[in-house]
Amino acid sequence: MSHEAALHTHESHGHDDHGHHEHHDTFLTKYVFSQDHKMIAKQFLITGMVWAVLGGLMSVLFRLQLGYPDASFPWLESILGKWAKGGQITPEAYYALVTTHGTVLVFFVLTAGLSGTFANFLIPLQIGARDMASPFMNMLSYWFFFTASIVMLSSMFVETGPFSGGWTAYPPLSALGDASPGSKSGMDLWIISMALFVVSSLLGGLNYIATILNMRTKGMSMTRLPLTIWALFFTAVLGVLSFPVLLSGLILLIFDRNFGTSFYLSDIFVNGVGALSNEGGSAILFQHLFWFLGHPEVYIILLPAMGMVSEIMSVNSRKPIFGYMAMLGSLFSIAVLAFLVWAHHMFVTGLNPFLGSVFVLLTLLIAVPSAIKVFNWLTTLWRGNIRFTPGMLFAIGFVSLFISGGLTGIWLGNAALDIHLHDTYFVVAHFHIVMGVASMFGMFAGVYHWFPKMYGRYLNNSLGYIHFWVTMAGAYLIFWPMHYEGLAGMPRRYFDFSIWESFKQFAELNRFISTVAMIVFAVQILFLINFFYSIFKGRKVLDPNPWQSNTLEWTTPINPGHGNWPGEIPEVHRWPYDYGKDGVDFIPQTTPVGENESSH
Amino acid sequence: MSNVTTASTKEAKWWNGGKSPFDVEYGKVMMWYFLMSDAFTFGAFLISYGTVRFSTNGWPDPNAVFKSFPFAPEGVNAPLVFVSIMTFILIVSSVTMVLAVHAGKMMDKKGVVRNMIWTIIGGIAFLSCQAWEWNHLHHEGAWWGLNPFINADGSASTTNFTNFFFTITGFHGFHVFSGVVINIIMLIMTLMDKFEQRGHYLMIEKAGLYWHFVDLVWVFVFTCFYLL
Amino acid sequence: MSQDTHAEHHDVIAEIKKVTIILSVLTIVELILGFWMIGITSPGLRLGIKGVIIILMMAKAFYIVAYFMHLKHELKNLIMTIIVPLALFIWFIIAFLADGNSFRNLRNNYDRNFKEQSTIKVEKKEAGAHATDEKGGAKEGEHK
């Protein structure tokens, strides 16, 4: 990190006007236990990247099994040891990989890595604050996340392996230690890790909410906030209100596991053990509690991406965002609906059909705000003077994926269709496109767009274009065929399809998907190389406002110090989307409204 | 749009940035949102309890279970008496907490100290009552996974009655305990003149919010377990 | 202390007294209803009393939040940001309880063994006795 030291001379002048300059930053307080929101954001980003690589590697490994079920890869045994005896992944290892892949990508990469990074980085910079409301709690939030990820990582090295009952951790697999190898200490560590993660997201979320509400600079009214901030605000509210429900569910699960209760258990017979005495509980209760978090979680993942995409699209189309208030309203209604639709994940559990039909109705309602957002993005692009930067391409890619994945969501939201499609590859394709890859695209867009602000250097554009086009094509090549497999009834989470006559026809297709998955993974490594190379050796940013953007973060010095603005915090006089207004290319938020200026 | 807000009424000016739209400092916003979050934790517990009750055919009659009183002879039948004492203890401690917060607003250190001490005593008294009740129930054979009681209609009861009782009252008791610890810290800080130096007793207000929330949760727990 | 804050001080104390009395009265009414319910076997009436108790519970919650937690005297902005999200509880409660109820009906309709099991009466025994009955004993053995 020597370049940071070099940049320090740059920032030293940014420290004279507020309380932070008194103490001298040591390595430990600057890079490790930093209370600067920008450093914490980078910590979140890099930890998230480590997990993305690990989670991606896991998917490559289990795709290897699905694509080449009969082949043997001796090198696997040298990596995985007993989990790949004879060069073939064992079923237990396969389930462990699938479970951990889901858990880490949903929680560690797309929750902490995405909203942790960009909420921390953008909120103070874009609302005009020196730092978060409580920098100390912000630091704690990262270290709770870090501890959670260490616990999760350690679960991979226990004798019986990590938890292997799916990222949703349904009982009885998660509640009975005897249910599977992964249900033993692997599950205990999984619960501890998730509990720490809930604390982390709570500390972060409270901070984001309080900061956005209380710390806006003068003139930054709520309707002048960039849509990024609005999206991050709703994300934080969703997290603060839904994660505690998961915590309650996990506490009950701990009691079921260790103290002989039967919250989730009833009428169970275990081979070799006999009938269990647990009575009166219901495994479906856990599913309700889990999905009461789980569904808002989908939007915790998606909303930050939506916000950043709105911002990046407007900047790079040189046009105001189309329908600011409609965007805001749709964010709000998505956030509300997110809490009302959880049981659409549970249509085949024996849910009351009438209740199910209410959930169908509420679920389909989400299509309305989602469509509003999509049309607003498209009309923002319409006749814009578009600059196809890598960030912009990823933003457009996000919209494409959001449409394709969102439309299959309407299929799955119908209980009648869902009974056929539930737990097939159709579902896998749906949520990977709409939530997984789309949010990943939002994250990439954000990284490409704000990298100059984070590190004072640019990412390499050519590598960025290669990264985008291969990932974009790869995403569709991987997940589009899965829709057909799912419609044909191919269930998810199966170890080996080659033993079923009806799925033999997909052997070729599965191999194709696996091959593309590996190529796409390799290109992500290319992105990482670009990222870390550019931190140190990238082209230097010379213009404090490289994208000719209106928002406040570009009014700071190129390498802002702790406290962001060397002098006074600027005042805000207009909304952030005055692009191409009255023939002027862009008017920053800090520019006072002229006398003859037309209102937008 | 932004033009509309600039030229709007006084009320909208709260949102124009540069100050808190709620006219409170950030810590209080955080405390309120933390309590909301905690409300969902307790809500999830109580709703789970309700769900299991709704999915079960019979349920023990609380009056047949919670009918004992400390120092009373074995087999005394005094339903609701002990728990009503616990409820009043918590309400009274909440009242003394309000008085402490109010004394803080008036910069009346003596009043803060006096009322904080009463609040802490109330909290400890509540915890003692709960400890006694748990101990008593445990002696009757009730614990997580053990339910000696039968349903009101005379059929066998599932262990979920005691499971939920111990989990939820335990989680509430844990909150009372942490509230007492917070209050003790606040008392020590008051005695050390920390708040006099700061010129305000806002920390006491935040601790008060937490304490009232604990009381609030008890209102729900009390009703759900002892009355319904 | 100026005259103004002094008058305010008395107002606040008076309000605290008032709310304390209201909370005590509500609790006492709840307890009376609770005692009354012990002797009542009619399911309809029991349900009605339970409904009243829930309303009283909500009233108590209102007084604690509004006066003790001071929410009523905050700006409307803060009140709304607290109250509006709590509305999520409505559907949270309805959906969970409805599905719990439906689960019971399903089991009673399609699992005859379950229905029979839940109607068998057990010998009434003194609750004060130690947990030496089969059920408790078996459970204790299960303990991990």
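**Exercise 1.** State how many helices and how many strands chain A has in this predicted model.

Solution. Chain A holds 17 helices and 4 strands.

**Exercise 2.** Decide whether the radius of gyration of chain A agrees with that of a compact globule.

Solution. Start with the length: 600 residues. A compact globule with 600 residues would have a radius of gyration near 25 Å. Chain A has 24 Å, so the value agrees with the rule. For the extent along the principal axes, the C-alpha atoms fill a box of roughly 80 × 50 × 45 Å.

**Exercise 3.** Describe burial and contacts in chain A.

Solution. Take burial: 57% of the 600 residues count as buried. Now take contacts with a separation of 6 or more. Of these, 79% join residues 24 or more positions apart.

**Exercise 4.** Find where the cis peptide bond between Pro171(A) and Pro172(A) sits.

Solution. Most peptide bonds are trans. The bond from Pro171(A) to Pro172(A) is cis, with omega near 5°. Pro172(A) lies in the loop between helix 6 (135-155) and helix 7 (185-214).

**Exercise 5.** Place Arg383(A) and Gln548(A), and say whether each is buried, partly exposed or exposed.

Solution. Begin with phi. Most residues other than glycine have a negative phi. Arg383(A) has a positive phi of about 55°. Its loop runs between helix 12 (367-381) and helix 13 (390-413). Arg383(A) has 8 other C-beta atoms within 10 Å. The cut-off for exposed is 12 or fewer, so Arg383(A) is exposed.

Gln548(A) also has a positive phi, of about 50°. Gln548(A) lies in the loop between helix 17 (507-537) and strand 3 (579-581). With 15 other C-beta atoms within 10 Å, Gln548(A) is partly exposed.

How values were computed: Residues are numbered from 1 along each chain as its sequence is written. Chains are lettered from A and ligands numbered from 1 in the order in which they are written. This is a predicted model: local features need pLDDT of at least 70, side-chain atom pairs count only at pLDDT 80 or more; totals for chains, interfaces and linings use all residues. Helices (H or I, at least four residues) and strands (E, at least two) are DSSP runs, numbered from the N terminus. The radius of gyration is taken over C-alpha atoms; the globule rule is 2.2 Å times the number of residues to the power 0.38. A residue is buried if 20 or more other C-beta atoms lie within 10 Å of its own, exposed if 12 or fewer, and partly exposed in between; C-beta atoms are placed from the backbone. Two residues are in contact if their C-beta atoms, placed from the backbone, lie within 7 Å.
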